[in-house]
4 protein chains.
Amino acid sequence: MITVTIYNEFVHEQEIDSIRKIYPQGIHGCIKSFLSSDENLQIQTATFEMKEHGLTEEVLSKTDVLIFWSHARQEEFSDEVATRVQKHVLQGMGLITLHSAHYSKVMRRILGTSMTLSWRDNDRERLFCCNPSHPIAKDVPIKIEIPHEEMYSEYFDIPKPDEVIFIGWFSGGEAFRSGCTFTREKGRIFYFQPGHEAYPIYYMTEIQKIIHNAVYWCSHNEAILGSSKNILRKNIHAEVPAEVSLSLSTKENLK
Amino acid sequence: MITVTIYNEFVHEQEIDSIRKIYPQGIHGCIKSFLSSDENLQIQTATFEMKEHGLTEEVLSKTDVLIFWSHARQEEFSDEVATRVQKHVLQGMGLITLHSAHYSKVMRRILGTSMTLSWRDNDRERLFCCNPSHPIAKDVPIKIEIPHEEMYSEYFDIPKPDEVIFIGWFSGGEAFRSGCTFTREKGRIFYFQPGHEAYPIYYMTEIQKIIHNAVYWCSHNEAILGSSKNILRKNIHAEVPAEVSLSLSTKENLK
Amino acid sequence: MITVTIYNEFVHEQEIDSIRKIYPQGIHGCIKSFLSSDENLQIQTATFEMKEHGLTEEVLSKTDVLIFWSHARQEEFSDEVATRVQKHVLQGMGLITLHSAHYSKVMRRILGTSMTLSWRDNDRERLFCCNPSHPIAKDVPIKIEIPHEEMYSEYFDIPKPDEVIFIGWFSGGEAFRSGCTFTREKGRIFYFQPGHEAYPIYYMTEIQKIIHNAVYWCSHNEAILGSSKNILRKNIHAEVPAEVSLSLSTKENLK
Amino acid sequence: MITVTIYNEFVHEQEIDSIRKIYPQGIHGCIKSFLSSDENLQIQTATFEMKEHGLTEEVLSKTDVLIFWSHARQEEFSDEVATRVQKHVLQGMGLITLHSAHYSKVMRRILGTSMTLSWRDNDRERLFCCNPSHPIAKDVPIKIEIPHEEMYSEYFDIPKPDEVIFIGWFSGGEAFRSGCTFTREKGRIFYFQPGHEAYPIYYMTEIQKIIHNAVYWCSHNEAILGSSKNILRKNIHAEVPAEVSLSLSTKENLK
């Protein structure tokens with residue numbers, strides 16, 4: 001069982017009518033909805049206005065993967081909670097940060113750069129996969145059309161990613177490293193650019209697939225054989241020939 | 001089911017008594033023996049003297065992971081078969097090359113460098129893990145003692161690896177990048193230095209564990225939850241609110 | 001002094017009128033022209049129809065950086081010469097491959113992958129720099145407009161580059177890793193996508209700047225201070241206190 | 001001219017007799033001494049007990065490369081100054097951190113991991129170069145003997161380095177990634193393990209050479225041709241044929 005905590009600021013959806021219509025249960029509600037159909041995942045949610053933003057030591061200590069969406073309250077986010085999230089990531093908790101969460105305190109602390117980029121609302125995106133053998137790209141097409149998306153453009157000030165999995169093309173004339181992985185100590189991090197709150201991007205099957213794959217990858221459980229097989233690792237061993245010692249003290253012993 | 005083909009030159013074991021005593025069924029026999037206890041793996045072997053070295057188009061087209069040990073007959077290895085192995089790796093077949101196979105035609109073609117190193121027989125090695133969150137290092141200790149091993153030393157002329165997972169320390173005063181991964185198109189490659197034919201290294205539990213992990217990783221099936229869980233990915237979906245269209249044609253539609 | 005050899009196939013320019021008008025001295029002539037104004041560079045050219053394509057052992061052994069443009073005669077290129085170029089790259093010769101030379105025998109041998117990509121003629125490109133601190137990007141703008149260019153698109157089947165320096169955006173809806181570096185043994189390689197023969201791309205100041213920077217980087221002479229300074233490395237030393245020995249045999253000696 | 005600021009805590013040298021004998025002017029004094037013989041470098045020093053540790057906004061804004069040694073006062077180091085150093089690194093100031101400075105606040109902030117490692121005093125080290133074509137390794141031997149050094153061992157909890165340049169071998173049985181580079185926004189960082197205060201390591205010619213090379217690399221001025229050549233980049237240009245326009249509006253214009 002993989003325990004997933006979805007943190008969503010949950011401000012825009014309550015304040016802006018057009019956004020509430022898209023995500024009546026919040027972005028976290030939408031993500032919880034599609035992930036819940038996988039019975040291997042146990043899912044809980046957290047939002048900004050909860051005590052400690054819902055990300056208490058108790059919650060994080062039981063979380064395998066934290067999904068994180070934020071925008072309007074990034075500066076008001078608790079320093080203490082940001083440090084706590086960083087600590088758990090280093091200890092092995094997976095982290096998936098979405099869209100504007102590139103600039104969250106959590107990401108700036110973990111990655112240590114300014115995390116700035118260029119942007120412009122109301123564009124059209126095509127995601128290209130440039131790393132098709134990565135587990136996050138499993139069963140994902142090389143090209144995904146996102147009919148409406150906020151534009152994000154280079155230069156994106158991040159440390160060199162371990163892997164760039166997706167490059168975004170925007171119709172207005174920009175390009176962006178839209179899907180990047182980072183490893184920090186035991187923790188795996190996936191930053192994924194799509195998901196402006198004003199467009200129903202998290203309902204797209206391909207976007208759901210990528211987030212679903214990322215949950216497995218970030219929890220160190222990235223791949224399952226084919227479509228209907230269960231694979232269970234067994235203990236393995238081999239018989240050592242009687243005359244051979246594993247700690248033989250000289251090469252001559254072999255003769 | 002993961003289909004594994006173990007290629008072993010199988011020359012030293014037939015020609016040299018002391019080595020035959022260690023590996024009476026050949027190195028391939030030993031590796032097959034310990035991997036066979038995992039029922040998810042279907043295993044076959046191939047040796048140098050077989051027709052096309054046992055690596056025919058038919059065999060390779062059904063192989064998920066090729067394990068490769070070679071030394072004495074590397075120059076005599078068929079160019080055509082080397083090219084065929086390269087083609088299958090690019091198409092997604094996993095490749096685990098062991099010890100002196102760093103200098104096989106297969107590796108020189110795929111990686112394009114000279115693959116040279118320094119070496120000296122009869123030393124003692126400690127393997128250090130410098131990438132403990134990698135699937136190949138799962139449940140592997142940070143430090144592994146190999147009481148007898150041939151020394152391999154830097155500078156090792158390889159392309160920059162995707163990941164260095166193990167660094168080898170040798171008592172005679174050398175260090176080496178002993179476990180390295182490379183991705184080439186769809187294929188995952190793991191080069192692993194331990195395994196000189198004159199010492200019973202492939203009987204060591206930790207070495208078996210690493211090769212076992214690598215089989216899963218190279219076949220894109222790298223991780224399974226915990227010790228006794230089966231995880232099966234399900235199809236996922238989320239209900240789209242009635243008033244929202246995934247291909248909405250203007251932002252205004254949302255208002 | 002850096003010795004640069006420019007290899008250009010020189011077929012299209014002789015066979016097609018519209019292309020000859022753009023490059024009356026050939027693509028190699030154009031590149032030689034702009035590089036020649038740097039007196040630190042000593043430049044020679046080579047073309048397909050020359051004996052051994054002009055890339056004899058004698059020529060390559062005196063070359064610090066080889067610039068390479070090819071397209072129509074890639075399959076007819078000598079296997080022996082391709083192997084020779086590979087050898088010199090591993091020994092430290094820099095290599096800059098331009099545009100369709102991604103698919104040259106030289107590149108396929110050195111990098112070991114299929115080197116395939118998607119393409120379509122007659123598009124418009126914007127180059128984005130995603131690695132502004134790299135020497136090849138020195139004094140290069142974040143965004144470069146190329147009014148006419150052949151479109152190249154992902155998935156581009158290359159090994160993971162050491163660095164991705166430029167991402168190309170194409171108006172038809174594609175994205176591409178347009179500037180990538182690779183290190184192989186002592187050799188530095190820069191692949192740079194711009195330069196379809198039917199458009200005057202190598203006359204663009206920004207493209208010339210990038211190639212010029214790459215000559216320095218590939219020759220391991222990548223950076224010079226400011227605009228008018230000469231920097232010369234001096235031998236350095238420090239006085240060792242009389243009572244201190246560099247090879248002191250025990251810590252106690254210090255007391 | 002490259003402006004170098006050397007920060008040294010300067011505590012051990014004042015408190016412990018045996019260390020003062022080795023570095024009577026402090027570690028910063030020794031490093032300043034050998035770098036000063038390069039007239040391209042302008043050098044100043046800073047120590048812990050100075051106001052703002054000598055690393056004021058004014059000092060850092062004029063610094064091209066900051067060399068940083070610290071150990072005994074790492075927790076007492078000012079948070080504000082650590083943040084200031086981070087800011088300047090992101091804006092392009094080079095950073096060379098030595099030995100125990102791996103655990104400085106500056107490094108933990110910039111890299112975001114715990115920066116922990118294993119250690120033991122009084123060992124012997126051999127440095128192996130595994131990246132001989134890197135500018136920091138220019139004219140540095142593949143193997144360097146350090147007769148006395150504190151042992152540092154894996155697992156070293158750092159983000160994946162851009163490049164691992166040196167691997168350290170220790171006689172007691174450990175290995176370590178001893179020379180690593182990181183790029184963060186415009187700033188280049190080199191972490192270099194040698195330099196325990198109780199041994200005269202910074203008097204070793206090879207160690208001086210590496211630090212000297214790193215100053216050039218971190219300041220984006222990494223390479224100079226040969227031993228006695230001055231290279232000055234010139235502006236370059238090429239004549240555009242009269243009939244060709246760089247912004248030609250259709251392909252047909254060419255015909």
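At the start of helix α5 of chain D, in this predicted model, a side-chain oxygen of D:S78 comes to within 3.1 Å of the backbone nitrogen of D:E80. The helix that begins here has 12 residues, running from 79 to 90, and at 1.5 Å a residue it should span 16 Å; because the C-alpha atoms at its ends are 17 Å apart, the expectation and the model agree. Just after α5(D), the chain continues through D:G92, which takes a positive phi of about 125 degrees.

Which residues of α5(D) are buried? They are D:V81, D:A82, D:R84, D:V85, D:Q86, D:H88, D:V89 and D:L90. To read such a list it helps to remember that an α-helix has 3.6 residues a turn, so residues three or four places apart point the same way. The cover over the buried residues of α5(D) includes helices α4 (57–61) and α6 (105–111) of chain D, together with the strands β3 (65–69), β4 (94–98), β8 (174–184) and β9 (187–192) of that chain.

A single residue in chain A lets us look at a strand in the same careful way. A:T97 is part of strand β4 of chain A, which covers residues 94–98, and A:T97 counts as buried because its relative accessibility is 0%, where the cut-off for that word is under 20%. Leaving aside residues up to four places away in sequence, A:T97 touches A:F68, A:M107, A:F190, A:Y191 and A:F192.

From the inside of a chain we can now turn to the place where chain A meets chain C. The size of an interface is often given as the accessible area lost when the parts come together. Between chain A and chain C the buried area is about 1700 Å², and carbon and sulfur atoms give 64% of it. On the side of chain A, the residues that lose the most area to chain C are A:F128, A:Y155 and A:W169, which together account for 28% of what that side buries. The contact draws on 22 residues from chain A and 22 residues from chain C.

Polar and charged groups also meet across this interface, where eight residue pairs are in polar contact and two salt bridges are found. In one salt bridge A:K160 pairs with C:E163, and their closest N and O atoms are 3.4 Å apart. Strands β5 (118–129), β7 (163–170) and β8 (174–184) of chain A each supply at least two residues of the side that touches chain C, and the largest share, four residues, comes from β7(A). By kind, the residues of this side of chain A divide into 10 nonpolar, five polar and seven charged.

How values were computed. Residues are numbered from 1 along each chain as its sequence is written. Chains are lettered from A and ligands numbered from 1 in the order in which they are written. This is a predicted model: local features need pLDDT of at least 70, side-chain atom pairs count only at pLDDT 80 or more; totals for chains, interfaces and linings use all residues. Side-chain values use heavy atoms; hydrogens and water are left out. Contact means heavy atoms within 4.5 Å. Buried area is the accessible area (1.4 Å probe) that two parts lose on being put together, summed over both. A salt bridge is a side-chain nitrogen of Lys or Arg within 4 Å of a carboxyl oxygen of Asp or Glu. A polar contact is a pair of N or O atoms within 3.5 Å; within protein, one must be able to donate a hydrogen and the other to accept it, and residues adjacent in sequence count only if both atoms are side-chain atoms. Ala, Val, Leu, Ile, Met, Phe, Trp, Tyr, Cys and Pro count as nonpolar, Asp, Glu, Lys and Arg as charged, and the others, Gly among them, as polar. The expected span of a helix is 1.5 Å times one less than its number of residues. Buried means under 20% relative accessible area, exposed over 50%, partly exposed in between (1.4 Å probe, protein chains only).
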